[in-house]
Amino acid sequence: MEDGDEWEEEEEILENATHCPTCDELEGHDILKEKKIGDGADFLVRCQVCSNVHTVEFRPPPAKNIPFILTDGPNSHRIVLVIDADEEFVINDVFDEDEKLWRVHQIETTDGKQPEHALATDIERITAIRTDKVRVKMTLTRGEDSYSEVIIVPQETTFTASKLMEHNGETWRIRAIHTGTGRTLRGTVHAPDIKRMYLHEPPQPEHFAPRTPRERRQAWKEGKLGHNPNPIRPKDEIKSGVSPSFKRRKKPRK
C-alpha cells in the first residue's frame, strides 16, 4: 500500500442483532419462530455465525402515568401521559402533544429534586412550555399616550427594527426591540429572543409634505403634486410683508 492510502472500514449491518450465548458477542440471527406473550413475544432464533439456536424474550417496559403541566402563554392545564418507564426526559427536549410542540421546562423527581434529566420511573411531575408559538410583548405609543399589548406568533417569526408592521388594522413603526441584553434600533430579531418591542405610530402623510420651494420642485418632479402641479409655493402659505431672501441682480451695461 502506498503512503497516503487509507483503509475504509465498511459498516457491517446485522439483521435481528442480539447477544449469542455461545459466541458471547452481538451477532445477527435468523428468526425461526415467534410466540406472542402478552404485549411482548418469545423469539426462537439461530445465530448466523455459530448456528446456535436459542430463545430471546422481548418484553416492553412497564408504563407509568406522569402528570404534565402544559403552559401556553398565560394559560396552563394539567394532563396525564402514559410513558414507558425506561424513557428519559431532558430539560429543553421538545415533544408533540395535541398537535402542538412543547419544551420541557422543569423536571420534578419523586425525591423532590429538580435534575436536568431523569428516567420516567423517577419522575413525579414535568412542566412544559408551548414552543411552536411565542408571546411577544409590545408597548405602543401614539402621541403622548402609551399602552401595552401582546401578540402570539409562530416561533420562526422575525421582526426588524425601524420597519413598518400591521397590527389590528393599523400601521405602526417598530421603534426599538429589547432583547434582554439591550435595545436595538436596527437589525432583525427572532421572536423567541424578544423581551419587548416598542412601536410608534408612523407620521401622518402631511408630515412628509414639501415645505420649501426646493422641496416642492422636487416633489413636482417625482409626481407627488398631481393635485397642484405648480412647484411654486402657494401664496396663502407665504406670510405677507416677507420678501424673498435674495433677488436676482441685473449686470450693469458696459
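A salt bridge is a side-chain nitrogen of Lys or Arg within 4 Å of a carboxyl oxygen of Asp or Glu. The model is predicted: local features need pLDDT of at least 70, side-chain atom pairs count only at pLDDT 80 or more, and totals for chains, interfaces and linings use all residues. Residues are numbered from 1 along each chain as its sequence is written, and side-chain values use heavy atoms, with hydrogens and water left out.

**Exercise 1.** Find the partner of Asp72 and place both residues in the fold.

Step 1. Asp72 pairs with Arg130 in a salt bridge, with 3.0 Å between the closest N and O atoms.

Step 2. Asp72 is in strand 6 (residues 63-72) and Arg130 is in strand 12 (residues 123-130), so the bridge ties together parts 58 residues apart in sequence. Strands are DSSP runs (E, at least two residues), numbered from the N terminus.

Step 3. Check burial: buried means under 20% relative accessible area, exposed over 50%, partly exposed in between (1.4 Å probe, protein chains only). Asp72 is partly exposed at 22%. Arg130 is buried at 17%.

**Exercise 2.** Analyse the salt bridge between Glu170 and Arg142.

Step 1. Their side chains meet at 2.8 Å, N to O.

Step 2. Glu170 lies in strand 17 (residues 170-178) and Arg142 in strand 13 (residues 133-142), 28 residues apart.

Step 3. Glu170 is partly exposed at 35%. Arg142 is partly exposed too, at 30%.

**Exercise 3.** Trace the network that includes Arg130.

Step 1. Arg130 also bridges to Asp132, at 2.7 Å from N to O. Asp132 is buried, at 17%.

Step 2. Shared partners join Asp72, Arg130 and Asp132 into one network.

Step 3. For the whole structure, count six salt bridges.

Notes: Helix = DSSP H or I, 4+ residues; strand = E, 2+ residues; numbered from the N terminus.
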